[in-house]
Structures are given as C-alpha cells and as structure tokens.
Amino acid sequence: MSSKTLDRSLVLDAVRVTEAAAIASWTNVGRGDEIAADQAAVDAMRNALNELAIDGEIVIGEGERDEAPMLYIGEKVGTGKGPAIDIALDPLEGTTLAAKAMPNALAVMAWAPKGTLLNAPDTYMDKIACGPGLPAGVIDLDRTPAENVLALAAAKGVDPSHITVCVLDRPRHAEIIASVRSVGARVYLITDGDVAGVINTTDPSTGIDLYVGSGGAPEGVLACAALKCVGGQFQGRLLFRNADERARAAKWGITELDRKYDLHDIVRADAIFAATGVTWGNLLEGVVYKDGFVHTHTLVMNSSTGTVREVRMKRKA
C-alpha cells in the first residue's frame with residue numbers, strides 16, 4: 001500500500017512544492033525580516049499544495065490553528081481527490097539564516113500514507129542521528145556523546161579524531177560539546193537549522209558523521225523522513241518544560257512521555273522527502289537568479305524505491 005501511495009508523480013510534485021517555497025522566500029534573503037521571509041514561503045507552499053490531486057493533512061506545520069492562519073496542524077490541503085497522505089513541512093527551515101543570508105536555509109517537506117507520521121507536539125526533542133551503512137544500534141541516545149563517538153569510530157574503522165559531530169550552538173549543549181571533544185572528535189557548530197544538520201550525516205561529502213543535541217520535535221520528524229529514505233539511524237526523546245507542553249502531547253495522543261523513539265516509530269511507513277536550498281549550504285545550492293532565469297537545487301528521496309535524486313531546475317524568472 002505504501003509504495004502504491006507514493007508513486008512517481010508524488011515525487012515530482014514534492015519537488016515542485018519545495019521549489020515554489022524556496023523561490024518565494026529568496027526574495028527576502030538578507031533583508032533582516034524573518035517574518036516576511038517565512039510568510040512568503042508559507043504562502044507559496046500552501047498554494048502549490050492546494051493545486052495537487054491529493055487528500056493531504058498537515059501533521060507537522062506552522063503550529064496549531066489558533067497560532068497559524070495557514071499550514072496549521074490539521075489543515076486539509078490538496079484537491080481532496082487523490083491519495084490520503086500525512087504531510088510534515090517547514091516552508092522555511094532556518095528563518096534567521098535566510099534573514100541574515102547565512103548558509104543552509106531550506107524549504108522542506110515530507111509525506112507518507114495517512115496515519116503513519118508521528119504527530120509530534122511543538123516541544124523540544126533530544127536527538128541523535130547518523131547516516132546509512134552502519135551496524136544497527138551503533139548509536140544510542142542513552143549513551144554519552146563521547147561513548148557514541150567511540151562506537152561510531154569503531155564501526156567506521158577510524159580514529160575518533162576523524163569523527164565530526166554536528167551540534168546546535170546553544171549554551172544548553174556545552175556538556176555535549178565538551179564530551180565530544182574529550183575523545184578527540186571534532187565539533188561542527190551550527191547556529192540554526194537542525195533538519196539540515198541531520199541530513200548532512202547522510203552524505204559523506206559534507207564531512208558530518210553524527211548529529212547530537214536537542215532541537216524542535218517537529219524538525220525531528222522531518223529529519224527522520226529523510227533518514228528513512230537512505231537507511232540512516234535516529235533516536236529521539238521528547239522534552240517537556242511545563243504542564244502546557246505535556247498537555248499538548250496528550251492532545252496528539254502521546255502518553256509515554258519518556259519514550260525513546262527510533263526512526264521507525266516516528267515514520268511508520270514509506271516516505272517521500274524533499275528539500276530545496278534557499279541559501280547555499282553544505283548539501284544544497286541556494287536559489288540563483290541569472291540572465292533572466294531562476295535556478296534551484298533540490299534533494300528528493302523516496303524510501304519505497306530507495307532512490308535519492310538531485311534535481312536542478314532552470315526556468316524563466
């Protein structure tokens with residue numbers, strides 16, 4: 001059922017949707033206005049989704065209905081005639097990055113058959129992730145970062161000094177950073193955009209071996225969809241700061257508040273993942289206007305066929 005739901009036309013549709021959001025948000029890159037950049041991406045992504053022959057429902061979006069006028073959790077998108085799918089999206093992952101014209105801002109979307117994506121509440125999540133081709137269980141959220149580095153180095157047959165760990169540059173991650181460096185591994189700090197941080201573990205050309213740290217739970221779902229397509233590994237545990245966040249989790253049917261989720265708990269069926277670069281980064285080039293044309297660079301993956309494609313689009317601006 002999953003492979004039939006995620007047919008080839010949906011892969012191409014996913015590319016068109018993230019391309020539209022990336023191009024729209026690019027007009028605000030470097031202008032210092034995060035809200036305008038995000039709104040442009042939201043408008044474009046919603047319009048593109050509503051043109052598709054799908055019965056789509058947003059399960060990871062811009063927030064709950066009272067917080068977001070569009071692309072809110074529970075919103076129906078598409079024509080209503082077509083496959084029933086769950087949609088996780090971030091029209092502009094890295095709003096600050098785009099506003100400041102910094103690397104790795106992306107337009108990101110994932111979809112899977114209806115009822116198969118975790119309805120993650122808008123809370124933090126402890127995360128650890130690595131790319132494909134490694135023994136099952138090589139990483140574990142309950143180990144220290146140093147222990148995970150040593151296990152990963154042993155699995156890859158390299159010295160720990162050859163391992164690079166991506167971490168969000170936040171005060172809360174000081175112990176993680178110290179632990180990683182204590183065994184000689186390198187730390188690659190990012191200011192924002194932990195979806196891109198996780199995805200970087202899937203491509204050896206980025207030089208990133210491991211992602212560790214806490215970030216948004218919705219972004220964890222998007223990252224898992226990408227890892228599902230390439231055979232990477234992920235573990236996450238929701239973090240709750242107050243009673244309101246625990247109530248949000250209960251609203252979405254989450255009762256095991258301390259549960260350690262793995263990749264297949266979060267994305268329970270085949271998935272399609274697409275990301276288009278807004279600004280240039282480790283993995284994707286940003287939007288470029290040149291000689292009257294607009295150019296985009298998109299990574300699209302389909303777990304049902306095991307395919308990963310880079311799509312470069314050029315059209316008249």
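This text walks through a predicted model, from its cores to its cavities and then to two backbone oddities.

Start with the packing. In soluble globular proteins, nonpolar side chains tend to be buried together. Here, the largest nonpolar core holds 46 residues. V221, F234, I266 and F273 have the most contacts inside this core. Helix 8 supplies its largest share, 9 residues. Both domains take part: domain 1 (9-115 + 271-316) and domain 2 (124-266) each give at least three residues to this core. There is also a second, separate core. That one has 38 residues, including A21, V29, I54 and I58.

F234 is a good place to look around. Setting aside neighbours within four places in sequence, F234 contacts M125, K127, I128, A129, G220 and C224, and also L227, Y261, D262, L263 and I266. I266 is itself among the residues with the most contacts inside the largest core.

Now take one of those partners, G220. Where does G220 sit? G220 belongs to helix 8, which spans residues 217-230. Its relative accessibility is 0%, so G220 counts as buried, the limit being under 20%. Beyond its neighbours within four places in sequence, G220 is in contact with M125, K127 and F234. M125 and K127 are also on the contact list of F234. The chain brings G236 into the area as well. G220 and G236 lie 16 residues apart in sequence, with 7.7 Å between their C-alpha atoms.

Next, move to L118. This residue is in the loop between strand 4 (106-113) and strand 5 (124-130). Is L118 buried or exposed? L118 counts as buried, because its relative accessibility is 8%. Not counting residues up to four places away in sequence, L118 touches I60, V221, I254, Y261, I266 and R268. Two of these, V221 and I266, are among the residues with the most contacts inside the largest core. L118 and G253 are separated by 135 residues in sequence, yet their C-alpha atoms are 9.7 Å apart.

What space is left over? Rolling a probe the size of a water molecule over the atoms shows where empty space is left. A search of the whole structure finds 2 cavities of 30 Å³ or more. The largest has a volume of about 70 Å³. Its lining is made of N104, L106, A196, I199, N200, A275, T279, G281, L283, L284 and L299. By class, that lining has 7 nonpolar residues, 4 polar and no charged. Where does the largest cavity lie? Domain 1 and domain 2 both give residues to its lining, so the cavity lies between them.

The second largest cavity encloses about 30 Å³. N104, I190, D192, G193, A196, G197 and N200 line this cavity. Its lining divides into 2 nonpolar, 4 polar and 1 charged residues. N104, A196 and N200 appear here and also in the lining of the largest cavity.

Finish with the backbone. A101 is not a glycine, yet has a positive phi of about 55°. A101 is in the loop between helix 4 (95-99) and strand 4. With a relative accessible area of 47%, A101 is partly exposed. D291 has a positive phi too, about 50°, and is not a glycine either. Its place is the loop between strand 12 (288-290) and strand 13 (293-302). D291 counts as exposed because its relative accessibility is 68%, where the limit is over 50%.

Notes: Residues are numbered from 1 along each chain as its sequence is written. This is a predicted model: local features need pLDDT of at least 70, side-chain atom pairs count only at pLDDT 80 or more; totals for chains, interfaces and linings use all residues. Side-chain values use heavy atoms; hydrogens and water are left out. On a 1 Å grid over the protein atoms alone, a cavity is a set of points where a 1.4 Å probe fits but cannot get out, and a pocket is an open set with protein on both sides within 12 Å along at least five of seven lines; lining residues have an atom within 4 Å of a point. Grid points are joined across faces, edges and corners, and a volume is the space filled by probe spheres set on the points. Ala, Val, Leu, Ile, Met, Phe, Trp, Tyr, Cys and Pro count as nonpolar, Asp, Glu, Lys and Arg as charged, and the others, Gly among them, as polar. Domain bounds come from an automatic or database domain assignment. Helices (H or I, at least four residues) and strands (E, at least two) are DSSP runs, numbered from the N terminus. Buried means under 20% relative accessible area, exposed over 50%, partly exposed in between (1.4 Å probe, protein chains only). Contact means heavy atoms within 4.5 Å. A nonpolar core is a set of buried Ala, Val, Leu, Ile, Met, Phe, Trp, Tyr and Cys residues joined through side-chain atoms within 4.5 Å.
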